[in-house]
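This report describes a single protein chain through its salt bridges, its sheet, its nonpolar cores and its disulfide. The sequence and the model come first.

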Amino acid sequence: MPRRTATMLASTLILIALLCAGLLIKVPYSEMSPGPTVNTLGEARGEPVLRIVGRDTYRTTGHLNMTTVRVTGADYRMNLGQAVYGWLAHDSIVVPHDTLYPDGKTEEQSTQENAEEFSQSQESAKVAALTELGIPVATQVIVSSVVKDSPSEGKLHAGDVIKSVDGTEVKEPGDVAELVTKHKPGEDVTFTIVPAKEAAAAEKAGRTPEGGRKITITTEKAAASEETGGKERAIVGIKAGTDHTFPFVIDIKLADVGGPSAGLMFSLGIIDKLTPGNLTGGKFIAGTGTIDDAGKVGPIGGINMKLVGARSAGARYFLTPDENCASAAADTPDGLTLVRVKTLDDARKSLEKISAGKTDALPSCSAG
């Protein structure tokens with residue numbers, strides 16, 4: 001066989017072997033790509049994303065789109081060829097599998113966690129929006145969770161409203177632990193609670209739960225820890241949290257979305273629907289960012305994929321959390337203007353500038 005032919009044959013066989021290896025060899029990476037964007041002022045699957053009942057609302061136009069990132073499942077394993085293609089592509093990011101699913105977390109566990117974060121983000125979005133508008137929101141302390149096989153199991157339930165402990169009114173979640181730990185292990189502590197079902201019925205009617213029933217629980221000893229200085233302390237086996245009673249119904253409906261990053265855009269959508277005029281000026285604005293009850297905007301993951309998704313959907317402006325600004329500014333799609341935001345009030349004022357055509361005054365992001 002001529003040397004040239006032999007060389008070409010050998011090269012072809014090596015190339016085939018490399019291609020097969022690329023298809024067969026699994027690598028510990030996952031892929032992130034732009035997910036769908038949804039206008040919080042519009043509809044999703046034929047239903048309004050934001051539905052407000054019991055309060056006057058106003059007509060809105062334009063877009064306030066929340067953005068998402070699509071990720072591969074926990075059980076999916078990329079091959080070497082897919083990983084290389086993902087690294088080279090502009091509209092996807094390849095990241096270590098453990099970045100998305102740490103500590104061996106399953107896809108089911110990740111989905112549940114994202115659903116819980118999404119639910120909490122909706123709650124905070126409502127509180128932040130109404131607070132921004134000066135509309136009072138009642139706050140109450142609830143049982144967030146009950147530890148299995150603890151003294152509280154079967155007596156207290158998630159969602160129960162805690163009115164008082166040993167007759168002392170509870171105003172913050174931390175008050176519960178403080179009052180319980182005044183006891184020694186083995187002593188009784190008395191909770192005054194409104195059961196979860198009654199509390200839910202009161203919230204649906206737009207009122208604060210009243211009354212309550214007394215529940216006596218015998219405390220048990222918690223394991224000594226550095227946090228307690230090695231001392232024993234009494235516990236009842238619950239985690240306390242905060243819930244809110246709104247003066248009217250704000251219903252957020254959006255399926256197949258998880259995580260906390262839509263909080264900012266939900267808040268802005270609520271504000272736009274509850275105020276006269278047009279917050280967007282008819283413009284196509286997208287954005288992202290977590291939000292807390294006080295209206296502080298927090299950073300999110302996958303910012304560059306969200307920028308790509310937003311621009312592909314038609315967005316011209318993108319509300320960007322301050323801490324994501326540098327990363328976003330380093331790779332911004334053409335035709336998309338980044339607007340830096342730290343708080344809900346920042347975002348609202350920027351929308352007013354966009355609506356008025358004063359875009360030169362917008363706070364911008366820099367890659368520095």
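A salt bridge is taken here as a side-chain nitrogen of Lys or Arg within 4 Å of a carboxyl oxygen of Asp or Glu. By this rule the predicted model has five salt bridges. The table gives three of them, including the N to O distance.

| Salt bridge | N to O distance | Location |
|---|---|---|
| Glu-47 and Lys-253 | 3.6 Å | strand β4; loop between β17 and α7 |
| Arg-348 and Glu-132 | 3.4 Å | helix α10; helix α4 |
| Asp-345 and Lys-349 | 3.0 Å | both in helix α10 |

Glu-47 and Lys-253 are 206 residues apart, so their bridge links distant parts of the chain. Glu-47 counts as partly exposed because its relative accessible area is 38%, and Lys-253 is likewise partly exposed, at 38% relative accessibility. The bridge of Arg-348 with Glu-132 ties together parts of the chain that are 216 residues apart in sequence, since the former lies in α10 and the latter in α4. Glu-132 has a relative accessible area of 23% and is therefore partly exposed. Asp-345 and Lys-349 are four residues apart, about one turn of helix α10. Asp-345 is partly exposed at 27% relative accessibility, and Lys-349 is partly exposed at 46%.

Helix α10 also holds Ser-350, which counts as buried because its relative accessibility is 2%. Beyond residues up to four places away in sequence, Ser-350 touches Val-339, Leu-362 and Pro-363.

The next topic is the sheet. Five strands form an open sheet in the order β2-β6-β18-β21-β22, with mixed pairing. Its edge strands, β2 (38-39) and β22 (337-341), each pair on one side only. Strands β6 (residues 63-66) and β18 (residues 284-287) run parallel and are joined by four bridges; Met-66 has Gly-287 of β18 as its bridge partner. Helix α7 (residues 263-274) packs on this sheet and touches β6, β18, β21 (317-321) and β22. The direction of α7 makes about 155° with that of β6.

In soluble globular proteins, nonpolar side chains tend to be buried together. Here the largest nonpolar core has 42 residues, and those touching the most other members are Leu-130, Leu-254, Leu-264, Phe-266, Leu-268, Leu-319 and Leu-351. Among the elements that give two or more residues to this core are β6, α4, β21, β22 and α10. Helix α7 gives the most, seven residues. Leaving aside neighbours within four places in sequence, Leu-264 is in contact with residues including Thr-288, Ile-291, Leu-319, Val-341 and Ala-347. Another core, of 16 residues, lies apart from the largest; among its members are Ile-162, Ile-193, Ile-215 and Val-236.

Helix α8 (residues 303-313) is mostly covered, with eight of its 11 residues buried. Among these buried residues are Asn-304 and Lys-306. Gly-314 follows α8 and has a positive phi, near 115°.

Which cysteines form the disulfide? The search of the whole structure finds one disulfide, between Cys-325 and Cys-365, whose sulfur atoms are 1.8 Å apart. The link is left-handed, with -45° about the S-S bond. Cys-325 lies in helix α9 (residues 325-329) and Cys-365 in the segment after α10 (344-356), so the disulfide ties together parts 40 residues apart in sequence. Both Cys-325 and Cys-365 are buried.

Notes: Residues are numbered from 1 along each chain as its sequence is written. This is a predicted model: local features need pLDDT of at least 70, side-chain atom pairs count only at pLDDT 80 or more; totals for chains, interfaces and linings use all residues. Side-chain values use heavy atoms; hydrogens and water are left out. Two strands pair if DSSP finds at least two bridges between them. Contact means heavy atoms within 4.5 Å. Axes are lines fitted to C-alpha atoms, for helices over the stretch in contact, and angles run from 0 to 180 degrees between N-to-C directions. A disulfide is a pair of cysteine sulfur atoms within 2.5 Å. Buried means under 20% relative accessible area, exposed over 50%, partly exposed in between (1.4 Å probe, protein chains only). A nonpolar core is a set of buried Ala, Val, Leu, Ile, Met, Phe, Trp, Tyr and Cys residues joined through side-chain atoms within 4.5 Å.
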